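Open the model in your viewer and keep the selection tool at hand. This tour goes stop by stop.

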Amino acid sequence: DIDGFGFLKGFNSLPSKITDKSKIVVLTSSNSAKDRDQVFENKNVIQFITKPLKQTDIEELRRLVSDQ
């Protein structure tokens, strides 16, 4: 089994031709500031959303993706 932190670690080992074009959204049940800070250490993470996913979260994601 792999958690989100394990995924991010593995993602960083992928070739730059993949990572340079990727954006990651973290959807989690954690509201820990430590977890949030840790995932944003990855330059590809563009958003950290705490469950439950709300309509406003989706709208914010649309704005983020369209701006990039």
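The stops below go from the whole chain to one strand, its core and one helix.

**Before you start.** This is a predicted model, in which local features need pLDDT of at least 70, side-chain atom pairs count only at pLDDT 80 or more, and totals for chains, interfaces and linings use all residues. Residues are numbered from 1 along each chain as its sequence is written, and side-chain values use heavy atoms, leaving out hydrogens and water.

**Stop 1: the whole chain.** Show the C-alpha trace. Along its principal axes it spans about 35 × 30 × 20 Å. The chain holds four helices and two strands. Helices (H or I, at least four residues) and strands (E, at least two) are DSSP runs, numbered from the N terminus. From that end the order is α-α-β-α-β-α.

Now colour by pLDDT, the predictor's confidence in each residue, from 0 to 100. The chain mean is 95, and 100% of the residues reach 70 or more. Among the elements, helix α3 (residues 33–39) has the highest mean, 97, and α4 the lowest, 92.

**Stop 2: the strands.** Select β1 (24–28) and β2 (45–50). They pair in the parallel sense over five bridges; pairing takes at least two bridges found by DSSP. Which residue of β2 is the bridge partner of V26? It is F48.

Show the side chains of β1. I24, V26 and T28 point to one face and are buried. V25 and L27 point to the other and are not buried. Buried means under 20% relative accessible area, exposed over 50%, partly exposed in between (1.4 Å probe, protein chains only). Of the 68 residues in the chain, 28% are buried.

**Stop 3: the core.** Select L8, F11, I24, V26, V39, V45 and F48, the seven residues of the largest nonpolar core. Such a core is a set of buried Ala, Val, Leu, Ile, Met, Phe, Trp, Tyr and Cys residues joined through side-chain atoms within 4.5 Å. α1 (4–12), β1 and β2 each give two or more residues to this core.

Centre on V26. Leaving out residues up to four places away in sequence, V26 touches V39, V45, Q47, F48 and I49. Contact means heavy atoms within 4.5 Å.

**Stop 4: helix α4.** Select residues 55–67. Which residues of α4 are buried? They are D57, L61 and L64. Seen down the helix axis, they fall within an arc of 65°, so they line one face. That arc is taken from the directions from the helix axis to the C-beta atoms. What covers them includes β1 and β2. Turn to the other side: R62, S66 and D67 are exposed.

Methods. Expected span 1.5 Å × (residues − 1).
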